[in-house]
Amino acid sequence: MKIIGARAAAAALPFDRLIAALRARFAGGCEVPPRQVLQPAEGMTSLIMPAWVAGGAYAVKIVNIAPGNAARGLPGLHSTVLLHDGATGRPLALIDGDTITARRTAAASALAADHLARQDARHLLVVGAGRVAELLPAAYAAVRRIDRVSVWARRPEAARALAARWRRQGLPARAAPSLEAAAAEADIVSCATLSTAPLMQGAWLRAGSHLDLIGSFTPTM
């Protein structure tokens, strides 16, 4: 059984190839039974998510979500993926699920925007400063000519730090002090948070903008 860590998983999943693969698989389909939702500890939710292609691969992803991790200086989500041979059940690989989850999530949002956002969309506003949020400009750049990136987060220092990292990557990024003002200017607004309180107001969005909501896996989020 191969063990594929975060760096190798990321290298194998560039956004242009990943978005194309998701486009094909969403259209082609696979078997995805309802995920199990467990609460193994107070303040933590565990999602058990199997999927398979008949005659092909069989995977089980375990995602542990602990929103309180922010206070511990840790990401709010940790996951693993165990890949099996679909015919024999033989384990093939244990893969860093954080990387797969984050990159697949960002790529799925970009794929949706490719169908729904205006062709001339250029200004991306990211709401949130976590693992998925950091990947969104690169993902969206695979489907639109993004030439301006803004970021807003509850903690302004986190937004400023993320904008600085993007600028080091060559992105024209800045932290937005006002979410309302930034939303009014953006062509695409992508929210990547675990918030249980509403962050965006529809009245803030200008006509023709695209709103993307990531992270709401329960009715209260």
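Reader: How do you know how much of the contact in this protein links residues 24 or more positions apart?

Author: Take the contacts in this predicted model with a separation of 6 or more: residues 24 or more positions apart account for 55% of them. A contact here means heavy atoms within 4.5 Å.

Reader: OK, and what makes up the protein in terms of helices and strands?

Author: You'll find six helices and eleven strands.

Reader: Why is the protein called as compact as a globular protein of that length?

Author: Set two values side by side. The radius of gyration is 18 Å, and the globule rule gives 17 Å for 221 residues. Those are close, so the protein counts as compact in that sense. Its C-alpha atoms fill a box of roughly 55 × 40 × 35 Å along the principal axes.

Reader: What percentage of the residues is buried?

Author: Buried residues make up 38% of the 221, where buried means under 20% relative accessible area.

Reader: Why is H3 called oblique to H4?

Author: Helix H3 (residues 97-116) and helix H4 (residues 131-141) pack at an angle of about 45°, with their axes 9 Å apart. Roughly parallel needs an angle under 35 degrees, and roughly perpendicular runs from 65 to 115. The angle of about 45° fits neither, and that makes H3 oblique to H4. As for handedness, the crossing of H3 past H4 is right-handed.

Reader: Which residues meet there, and of what class?

Author: Among them, Ala 102, Ala 106 and Ala 110 are on the H3 side, with Leu 135, Leu 136 and Tyr 140 on the H4 side. By class, the contact has ten nonpolar, two polar and three charged residues.

Conventions: Residues are numbered from 1 along each chain as its sequence is written. This is a predicted model: local features need pLDDT of at least 70, side-chain atom pairs count only at pLDDT 80 or more; totals for chains, interfaces and linings use all residues. Side-chain values use heavy atoms; hydrogens and water are left out. Axes are lines fitted to C-alpha atoms, for helices over the stretch in contact, and angles run from 0 to 180 degrees between N-to-C directions. Helices (H or I, at least four residues) and strands (E, at least two) are DSSP runs, numbered from the N terminus. Angles under 35 degrees count as roughly parallel, over 145 as roughly antiparallel, 65 to 115 as roughly perpendicular and the rest as oblique. A crossing is left-handed if the near helix is turned anticlockwise from the far one by less than a right angle, and right-handed if clockwise. Ala, Val, Leu, Ile, Met, Phe, Trp, Tyr, Cys and Pro count as nonpolar, Asp, Glu, Lys and Arg as charged, and the others, Gly among them, as polar. The radius of gyration is taken over C-alpha atoms; the globule rule is 2.2 Å times the number of residues to the power 0.38. Buried means under 20% relative accessible area, exposed over 50%, partly exposed in between (1.4 Å probe, protein chains only).
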